[in-house]
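Me: Please give me a close reading of one part of this chain, concentrating on how its helices and strands pack and pair. I would like the wider setting brought in as well.

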Amino acid sequence: MSAPVPGSPPLLGKVAIIGLGLIGSSFARALREKSLAQVISGSARSAATCALARELGVVDVADVDPAVAVRDADLVLLAMPVAATEAVLRAIRPALKSGVILTDGGSTKGNVVAAARAVFGTLPAGFVPGHPIAGSEQSGVLAGKADLFARHKVILTPLPESDPAAVNIVRQVWQSMGAEVLEMPVDRHDEVLAKTSHLPHLLAFSLVDTLARESENLDIFRYAAGGFRDFTRIAASDPLMWHDIFLGNREAVLKALGHFTEGVSELRAAIEQGDSETLLGIFTRAKVARDHFTHMLAGTAYAKTMKPKNIEFAVQPGGRLAGTFRVPGDKSISHRSIMLGSLAEGVTEVSGFLEGEDALATIQAFRDMGVVIEGPHQGEVRVHGVGLNGLRAAPGAIYCGNSGTSMRLLSGILAAQPFDTVMSGDPSLSKRPMERIAKPLRQMGADIQTTGERGTPPVTVKGGRALKGFHYAMPVASAQVKSGVLLAGLWADGETVVTEPAPTRDHTERMLRGFGYDVQVNGPTVTLRGGGKLRAMKIDVPADISSAAFFMVAASIAEGSDITLEHVGINPTRIGVINILRAMGGDLTVLNEREVGGEPVADIRIRSARLHGINIPEDQVPLAIDEFPALFIAAACAEGRTVLTGAEELRVKESDRIQVMADGLTTLGIRCEVTPDGIIIDGGQLGSGRVVSHGDHRIAMSFSIAALRASGPIEIEDCANVATSFPDFTGLARRAGLNIAVIERV
Ligand code: S3P
């Protein structure tokens with residue numbers, strides 16, 4: 001609700017506040033500041049507090065007798081320690097006006113409701129229990145602040161007897177004070193607060209008291225720096241209030257304390273036994289959870305690289321690219337390094353890891369299944385493998401975010417586990433086909449279910465199935481499906497054989513070999529036998545050719561450009577973009593070819609060139625499957641016509657990449673025609689305009705580089721997902737010579 005219009009009558013006539021401490025006096029000050037009441041009446045046990053509150057102008061009238069304070073009040077807030085509720089209600093009951101709204105600010109709700117029942121029998125319709133989640137370690141009438149509740153949560157726990165109109169007024173009052181109002185049942189409130197508020201207070205009180213009682217306490221406190229201070233700030237809170245809370249919420253607090261004690265015992269045992277695995281496991285999980293929590297509170301999403309959801313790019317036209325750069329690590333290899341590292345015996349050390357959200361989703365999935373994973377810190381990750389039989393059930397559904405690779409490869413791994421798992425994803429992933437992996441896994445004996453007619457996520461995998469190897473002739477050229485089936489084959493009885501209709505990326509096969517697993521490749525057919533072991537290894541992840549592709553196209557189309565991209569993975573199953581650009585007249589030189597951990601790598605120099613349209617050979621499609629959005633920009637800048645066929649797979653990527661690119665190109669004045677399995681693009685002059693990426697990272701980056709040849713600025717909507725594969729795209733693009741700005745909309 002917005003602030004009242006000046007001159008309009010206040011929402012409430014008389015408001016009475018029982019208890020003029022931090023909460024009560026802040027409520028009074030906020031009522032005053034927002035002009036929500038005609039008269040503010042207060043009551044406190046001490047006459048001095050009443051006098052001070054009047055003197056400060058916090059209340060208009062005050063009386064030590066709460067029955068006097070509530071006379072004629074339209075709304076009464078109980079803001080004294082919760083244990084006094086019954087006595088106060090008994091005292092004020094005869095003086096309450098009929099139809100009064102009665103609410104409170106207590107930190108426990110079950111005992112407040114019980115006190116009200118004891119006094120009233122049948123609860124009054126105006127009774128709406130509440131709890132502002134605001135406060136500080138300070139107390140008393142002087143500590144109150146008019147903005148204490150602004151941007152804080154207030155939980156209301158209306159009862160079946162509560163009149164919705166009364167609930168609405170209480171809600172409006174808190175909202176007018178700037179609070180966010182939530183509703184939940186009484187029991188749920190007490191359970192949640194026991195864990196998130198009461199338990200931490202108990203620990204802080206206990207730690208400070210225990211240390212203070214030690215004989216050399218002065219010394220201890222003298223040296224107690226940041227950690228102690230941060231952890232124990234709340235031990236300075238009001239003792240009486242907390243005494244009441246712990247006794248009032250006894251059951252839920254004891255339950256939370258019991259759970260916590262188990263956690264501490266586990267840590268104690270790990271320290272006693274020098275069990276670094278357990279210690280690292282607890283600490284890395286806690287760190288991630290705490291970072292996640294910080295981001296949630298800051299309104300950003302889970303991963304540290306993730307931007308607030310509503311991001312736009314604004315790119316100025318023109319420019320040329322120069323310099324030497326390294327784009328982030330390969331996404332496909334990063335995913336696999338975590339998966340195979342987790343299933344190996346020993347510690348796998350990864351460098352060059354992509355700290356994008358997709359790969360982070362895979363890390364989180366394996367952490368959820370009990371694997372200790374240190375990092376990533378500047379691309380370095382240490383995965384403490386648990387062996388092929390060491391995964392544990394995740395505590396809840398595994399969230400794969402935007403990442404199809406995580407979900408499809410994990411399907412194969414999960415199909416062979418002894419436990420059940422559910423995997424879910426973001427709105428884009430939730431539309432993508434999952435039957436393509438579920439079907440072959442079912443043929444191996446897996447129990448796996450997708451959702452809806454179109455077989456999309458969530459995916460439910462039942463554990464405890466014995467898998468049997470089989471020969472799968474894949475109907476679509478998909479590395480994700482091939483990999484998912486091969487991974488399931490690690491646990492299957494006998495041989496698992498996959499034949500692909502066209503070559504797709506072979507990182508899984510290469511990496512399995514690196515981990516010491518026997519994998520036979522015979523032309524289009526890959527064979528492995530279940531029952532082996534993976535041995536930990538060191539993995540140096542090359543730069544992702546799919547991210548490099550944007551700069552290959554950018555430097556090709558922007559006149560006068562000359563850049564070198566370092567350490568790019570040039571696996572033969574991924575180099576379609578180089579082949580296609582060269583066929584279009586691109587000037588790309590592959591330098592310094594070498595092999596790193598089983599993957600070929602090179603530096604690539606790209607100079608601008610006059611591109612011409614071509615018919616893209618269909619055998620290049622799987623080799624450039626992720627690079628087409630960028631290649632379409634090259635086609636738009638080329639002379640003549642470019643024709644793509646045999647690429648219907650593009651319609652089921654993070655977006656329908658044929659349609660979405662065609663829409664954007666049309667907006668920018670390029671003639672193109674969509675066909676069922678591809679697109680026809682006539683090169684021309686790119687204009688200016690506003691295009692929509694549909695949350696697809698590669699669409700957003702492609703239209704960014706298009707501006708190099710546009711006649712005016714290009715604005716791109718919905719760009720937050722660029723962080724899934726290329727966390728600092730805009731920074732690198734700017735350093736390379738693109739005039740790109742990031743706009744965050746609220
Ligand atoms: C990937 C395979 C490709 C690719 C995706 C990553 C992988 O998907 O588009 O970005 O890591 O195996 P398909 O296998 O579905 O073609």
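Reply: The account below begins with the division of the chain, dwells on one strand and its surroundings, and ends with two further sheets.

This is a predicted model, in which local features need pLDDT of at least 70 and side-chain atom pairs count only at pLDDT 80 or more, while totals for chains, interfaces and linings use all residues. Residues are numbered from 1 along each chain as its sequence is written, and side-chain values use heavy atoms, leaving out hydrogens and water.

The protein chain falls into domain 1 (12-184), domain 2 (192-270 + 279-296), domain 3 (314-325 + 543-745) and domain 4 (331-540), with bounds from an automatic or database domain assignment. Between domain 1 and domain 3, the C-alpha centres are 61 Å apart.

The part chosen for the close look is strand β29 (678-682). Helices (H or I, at least four residues) and strands (E, at least two) are DSSP runs, numbered from the N terminus. β29 is mostly covered, with five of its five residues buried (under 20% relative accessible area, 1.4 Å probe, protein chains only). G678, I680 and D682 point to one side of β29, I679 and I681 point the other way, and all are buried.

β29 has antiparallel pairings with β27 and with β28. Strand β27 (residues 641-644) is joined to β29 by four bridges in the antiparallel sense, and T642 stands opposite I681. Pairing here requires at least two DSSP bridges between two strands. β28 and β29 are also antiparallel, over five bridges, and they form a hairpin with two residues between them. Within that pairing, E673 has I680 of β29 as its bridge partner.

Helix α22 (residues 657-667) packs against this strand pair. Its buried residues are R657, I658, V660, M661, A662, G664 and L665. They pack against β28 (671-675) and β29, and also against α21, β30 (689-692) and α23 (697-706), where contact means heavy atoms within 4.5 Å. Just after α22, G669 takes a positive phi of about 85°.

α21 also has a helix partner of its own. The axes of α20 (residues 576-583) and α21 (residues 628-637) come within 11 Å and cross at roughly 10°. That crossing makes the helices α20 and α21 roughly parallel (under 35 degrees; over 145 is roughly antiparallel, 65 to 115 roughly perpendicular, the rest oblique). Axes are lines fitted to C-alpha atoms, for helices over the stretch in contact, with angles from 0 to 180 degrees between N-to-C directions. On the α20 side the contact is made by V577, I580 and L581, which meet F628, L631 and A634 of α21. By class, this contact has six nonpolar, no polar and no charged residues; Ala, Val, Leu, Ile, Met, Phe, Trp, Tyr, Cys and Pro count as nonpolar, Asp, Glu, Lys and Arg as charged, and the others, Gly among them, as polar.

For the wider setting, another helix pair may be set beside α20 and α21. Helix α13 (residues 331-343) and helix α14 (residues 357-368) pack at about 10°, with their axes 9 Å apart. α13 and α14 are therefore roughly parallel to each other. K331, S334, H335, I338, M339 and S342 of α13 meet D358, A359, T362, I363 and F366 of α14. That contact divides into five nonpolar, four polar and two charged residues.

α13 also lies across β12 (345-351), β13, β14 and β23, running at about 35° to β14. These strands form an open sheet of four, in the order β13-β14-β12-β23, with mixed pairing. Its edge strands, each pairing on one side only, are β13 (372-377) and β23 (538-540). Neighbouring strands in this sheet are turned by 15° against each other on average, direction ignored. β13 and strand β14 (residues 380-386) run antiparallel and are joined by four bridges, with V372 opposite H384.

A second open sheet takes the order β19-β20-β22-β21, has four strands and is again of mixed pairing. β19 (471-473) and β21 (519-522) are the edge strands, each paired on one side only. The average turn between neighbouring strands in this sheet is 15°, direction ignored. β19 and strand β20 (residues 495-499) run parallel, joined by three bridges, and A473 stands opposite T499. Across β21 and β22 (525-529) lies helix α18 (residues 507-514), which runs at about 140° to β21.

Terms used
Buried means under 20% relative accessible area, exposed over 50%, partly exposed in between (1.4 Å probe, protein chains only).
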